[in-house]
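Thanks for coming. I will go through one structure that is new to most of you, a few places at a time. Please have a look at it first.

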Amino acid sequence: QVELVESGGGLVHAGDSLRLSCKGSGRPTYAMGWFRRAPGQEREFVSAVTWNGDYTAYADSVKGRFTISGDNAENTVYLQMNSLKPEDMAIYYCAAQSASSGNLQSGYDVWGRGTQVAVSS
């Protein structure tokens with residue numbers, strides 16, 4: 001059983017930064033990802049990383065502003081979000097791929113409960 005707990009959300013102004021954390025417990029997984037769901041919209045992929053560090057992926061909308069990293073010793077994945085925009089406002093979810101799905105943007109089978117990010121203009 002894998003459990004994921006997100007933290008680090010909050011209310012910031014446009015241009016500010018936030019760092020989200022996702023701590024996992026349980027059996028090892030292959031990759032960790034971040035997704036987000038804005039009000040009235042579908043959930044979308046944000047970023048992902050494999051635990052061996054070989055692969056990362058970013059949505060075009062966050063490239064150059066967000067950075068994903070993992071701490072194997074702490075079983076924690078971070079999402080550093082810089083230059084936040086009002087359109088980044090959403091509930092951010094952490095997810096885990098128990099085994100490789102061949103695609104870092106899909107195939108996640110464990111989900112956290114989410115952390116809210118609000119960005120004022």
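Before the first item, one cut-off: a residue counts as buried when its relative accessible area is under 20%, and as exposed when that value is over 50%. Anything in between is called partly exposed. Please also keep in mind that this is a predicted model.

Let me start with the cysteines. The structure holds one disulfide. The partners are C22 and C94, and their sulfur atoms are 2.0 Å apart. Which parts of the chain does this pair join? C22 sits in strand β3, residues 18-25, and C94 sits in strand β9, residues 90-97, so that the link ties distant parts of the chain, 72 residues apart. The angle about the S-S bond is -80°, and the link of C22 and C94 is left-handed. By the cut-off I just gave, both C22 and C94 are buried. As a reminder, a disulfide is a covalent bond between the sulfur atoms of two cysteines.

Next, strand β4, residues 31-37. Is β4 mostly covered or mostly open? It is mostly covered, with six of its seven residues buried. β4 has β9 as a partner: seven bridges join the two, and they run antiparallel. In that pairing G33 stands opposite A95 in β9. Recall that β9 is also the strand that carries C94 of the disulfide.

β4 also pairs with β5, again in the antiparallel sense, over six bridges. Two of the facing positions are worth pointing at. M32 stands opposite V49 in β5, and F35 stands opposite F45 in β5. β4 and β5 form a hairpin with six residues between the strands, and there G40 takes a positive phi near 75°.

Now β5 itself, which is residues 44-50. Six of the seven residues of β5 are buried, so this strand too is mostly covered. On to its other partner, β6, residues 56-58: three bridges join β5 to β6, and the two run antiparallel. Here S47 stands opposite Y58 in β6. This is a hairpin as well, with five residues between β5 and β6, and G53 in the turn has a positive phi of about 80°.

That brings me to the rings. How many aromatic pairs does the structure hold? It holds four. One of them is F35 with F45, an edge-to-face pair at 5.6 Å centre to centre, with 75° between the planes. F35 in β4 and F45 in β5 are 10 residues apart along the chain. F35 has a relative accessibility of 6%, which is why it counts as buried. F45 is at 10%, and therefore counts as buried too. F35 and F45 belong to one aromatic cluster together with Y108 and W111.

An arginine also comes into this cluster. The charged end of R43 sits over the ring of F35, 5.9 Å from the centre of that ring. R43 lies over the face of W111 as well, at 3.8 Å from the ring centre.

Moving on to T115, which lies in strand β11, residues 115-120. T115 counts as buried because its relative accessibility is 11%. What does the side chain of T115 reach? It reaches the backbone nitrogen of G9, at 3.2 Å. Leaving aside neighbours within four places in sequence, the residues in contact with T115 are E6, S7, G8, G9, L20, A90, I91 and Y92.

Last, two backbone angles. Most residues other than glycine have a negative phi. N75 is not a glycine, yet has a positive phi of about 55°. N75 is placed in the loop between β7, residues 66-71, and β8, residues 76-81. With a relative accessibility of 27%, N75 counts as partly exposed.

The other case is S83, where phi is near 50°, again a positive value in a residue other than glycine. Where is S83 found? It is in the loop between β8 and β9. S83 has a relative accessibility of 41%, so it counts as partly exposed.

That is the last item on my list.

Notes: Residues are numbered from 1 along each chain as its sequence is written. This is a predicted model: local features need pLDDT of at least 70, side-chain atom pairs count only at pLDDT 80 or more; totals for chains, interfaces and linings use all residues. Side-chain values use heavy atoms; hydrogens and water are left out. A disulfide is a pair of cysteine sulfur atoms within 2.5 Å. Helices (H or I, at least four residues) and strands (E, at least two) are DSSP runs, numbered from the N terminus. Buried means under 20% relative accessible area, exposed over 50%, partly exposed in between (1.4 Å probe, protein chains only). Rings of Phe, Tyr and Trp (its six-membered ring) pair if their centres lie within 6.5 Å; planes under 30 degrees apart count as stacked, over 60 as edge-to-face and the rest as tilted. A charge sits over a ring if NZ of Lys or CZ of Arg is within 6 Å of the ring centre and within 35 degrees of the ring normal. Two strands pair if DSSP finds at least two bridges between them. A polar contact is a pair of N or O atoms within 3.5 Å; within protein, one must be able to donate a hydrogen and the other to accept it, and residues adjacent in sequence count only if both atoms are side-chain atoms. Contact means heavy atoms within 4.5 Å.
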